[in-house]
Amino acid sequence: MCAQRIDRPTDLDVVRDSYDRVADNYVDMVLTTGIGDIRQHPWLKASIDAFADSVGESGPVLDVGCGPGTVTAYLAERGLDVSGVDLSPRMIENARRLHPECRFGVASATELDLAEESLGGVLGWWSLFNLPREVLPQVLGMFARALKPGGHFITATHVGDEDILRTEAYGSAGVRWTTHQWRPEQLVDLIERAGLHPVAELRLPADEHTGPGVVVMARRPG
C-alpha cells in the first residue's frame with residue numbers, strides 16, 4: 001500500500017467550503033461559455049487525448065480534483081476505466097448529476113488511500129495548485145507509487161512566481177484559497193524527484209480568461 005502519510009493542508013476545510021460555494025457558478029460557466037471544457041480548447045483536448053492514448057488499457061485511471069466531471073466523462077467516452085474524486089461535495093453532486101454513467105467520490109488529494117502499482121493513469125488537471133508547496137511533492141510521490149510501471153500522469157497548472165490569495169472566483173465573493181503558481185522547470189523537477197519520467201510539456205500563454213499555464217505528462221519507468 002502507499003502508506004506514507006501526507007501532511008494535511010492547514011486551509012483544507014476553508015478551501016473545501018470555498019469550492020462548495022462556487023461549484024454551481026463554475027458548472028454554469030462551463031455549460032454556458034465552454035470555459036473549462038477541453039472540447040473548446042484544442043491544445044488541452046490534444047493533451048488529454050495523448051494521455052488517453054498512452055494509458056490505453058493499462059488499468060484504472062483516477063481523475064484527482066475532477067470538479068464537475070467534465071474530463072472524467074470525456075475519458076470514459078474514450079473507453080478508459082476512469083473514476084473521479086474531488087475535495088468539494090457540491091462539485092461531486094454536480095458531477096453525478098451531469099454524468100450519472102461515471103463513478104465519483106469525495107476525497108482530498110492528501111487523503112487518498114491508493115494501492116501501490118494499482119493505476120494505469122492519474123490526472124491532476126488544473127487541480128493541484130491549491131496544495132501548499134511542501135505538500136505537492138508528497139502528493140506527487142503518492143501518485144508515482146500508485147502508478148503501474150509504464151503508467152502515465154498528467155497535470156496542468158498555473159505558471160508564475162507568486163502565491164495568489166483568491167477572495168473572489170467564478171462570480172462569487174467570500175471564497176478563500178491560495179493559488180500556488182510554479183515555473184515549468186520547477187514543476188518538472190518535482191515530478192522527476194517523485195520518480196516519474198517527463199515525456200511531454202505544453203506551455204500555454206495567457207489569454208483573456210486566465211494567466212499562463214503548463215501541461216506536463218510523465219511516465220513511471222518500467
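In this predicted model, Gly79 is exposed, with a relative accessible area of 61%. The cut-off for that class is over 50%. Gly79 lies in the loop between α3 and β2. This glycine follows α3 and has a positive phi, near 95°. Between Gly79 and Ala218 the sequence separation is 139 residues, and their C-alpha atoms are 21 Å apart in space.

The helix that precedes Gly79 is mostly covered. Six of the eight residues of α3 are buried. These are Thr70, Val71, Thr72, Ala73, Tyr74 and Leu75. Their cover comes from helices and strands. It includes α1 (12-33) and α2, together with β1, β2 (82-86), β3 (103-106) and β4.

Helix α2 spans residues 42-55, 14 residues in total. At 1.5 Å a residue, a span of 20 Å is expected, and the end C-alpha atoms are indeed 20 Å apart, which agrees. Buried positions in α2 are Leu44, Ser47, Ile48, Asp49, Phe51, Ala52 and Val55. In an α-helix there are 3.6 residues a turn, so residues three or four places apart point the same way. The buried residues of α2 pack against α3 (70-77) and five strands by name: β1 (61-64), β4 (119-125), β5 (147-158), β8 (197-204) and β9 (213-219). After α2 comes Gly56, with a positive phi near 55°.

The α2 and α3 axes come within 11 Å and cross at roughly 50°. The two helices are therefore oblique to each other. An angle is oblique when it falls outside the ranges under 35, 65 to 115 and over 145 degrees. The crossing of α2 past α3 is right-handed. On the α2 side, the contact is made by Lys45, Ile48, Asp49, Phe51 and Ala52; on the α3 side, by Val71, Tyr74 and Leu75. By class, this contact of α2 with α3 holds six nonpolar and two charged residues, with no polar ones. Several contact residues also belong to the buried sets. Ile48, Asp49, Phe51 and Ala52 are among the buried residues of α2, and Val71, Tyr74 and Leu75 are among those of α3.

A second helix pair is formed by α5 (residues 136-146) and α6 (residues 184-193). Their axes come within 8 Å and cross at roughly 50°. These helices are therefore oblique to each other. Here too the crossing is right-handed, with α5 passing α6. Leu136, Pro137 and Leu140 of α5 meet Leu187, Leu190 and Ile191 of α6. The contact of α5 with α6 has six nonpolar residues, and neither polar nor charged ones.

Met142 also sits in α5. This methionine is buried, with a relative accessible area of 3%; the cut-off for that class is under 20%. Met142 and Ala194 are 52 residues apart in sequence. Their C-alpha atoms are 8.2 Å apart in space.

The third pair joins α1 and α4 (residues 89-98). Their axes come within 7 Å and cross at roughly 30°. From α1, the contact draws on Arg16, Tyr19, Asp20, Ala23, Asp24, Tyr26, Val27 and Leu31. From α4, Pro89, Arg90, Met91, Asn94, Arg97 and Leu98 take part. The residues of this contact of α1 with α4 divide into eight nonpolar, one polar and five charged.

Backbone angles in two loops complete the description. Trp126 is a residue other than glycine with a positive phi, near 50°. Trp126 is found in the loop between β4 and α5. At 23% relative accessibility, this tryptophan counts as partly exposed. Tyr170 likewise has a positive phi near 50° and is a residue other than glycine. Its loop runs between β6 (163-169) and β7 (172-180). Tyr170 is partly exposed, with a relative accessible area of 33%.

How values were computed. Residues numbered from 1 in each chain as written. Predicted model: local features only at pLDDT ≥ 70, side-chain atom pairs only at ≥ 80, totals over all residues. Heavy atoms only, no water. Axes fitted to C-alpha atoms, helices over the stretch in contact; angles between N-to-C directions. Helix = DSSP H or I, 4+ residues; strand = E, 2+ residues; numbered from the N terminus. Left-handed = near helix turned anticlockwise from the far one by under 90°. Contact = heavy atoms within 4.5 Å. Nonpolar A, V, L, I, M, F, W, Y, C, P; charged D, E, K, R; others polar. Expected span 1.5 Å × (residues − 1). Buried < 20%, exposed > 50% of the residue type's maximum accessible area, 1.4 Å probe, protein only.
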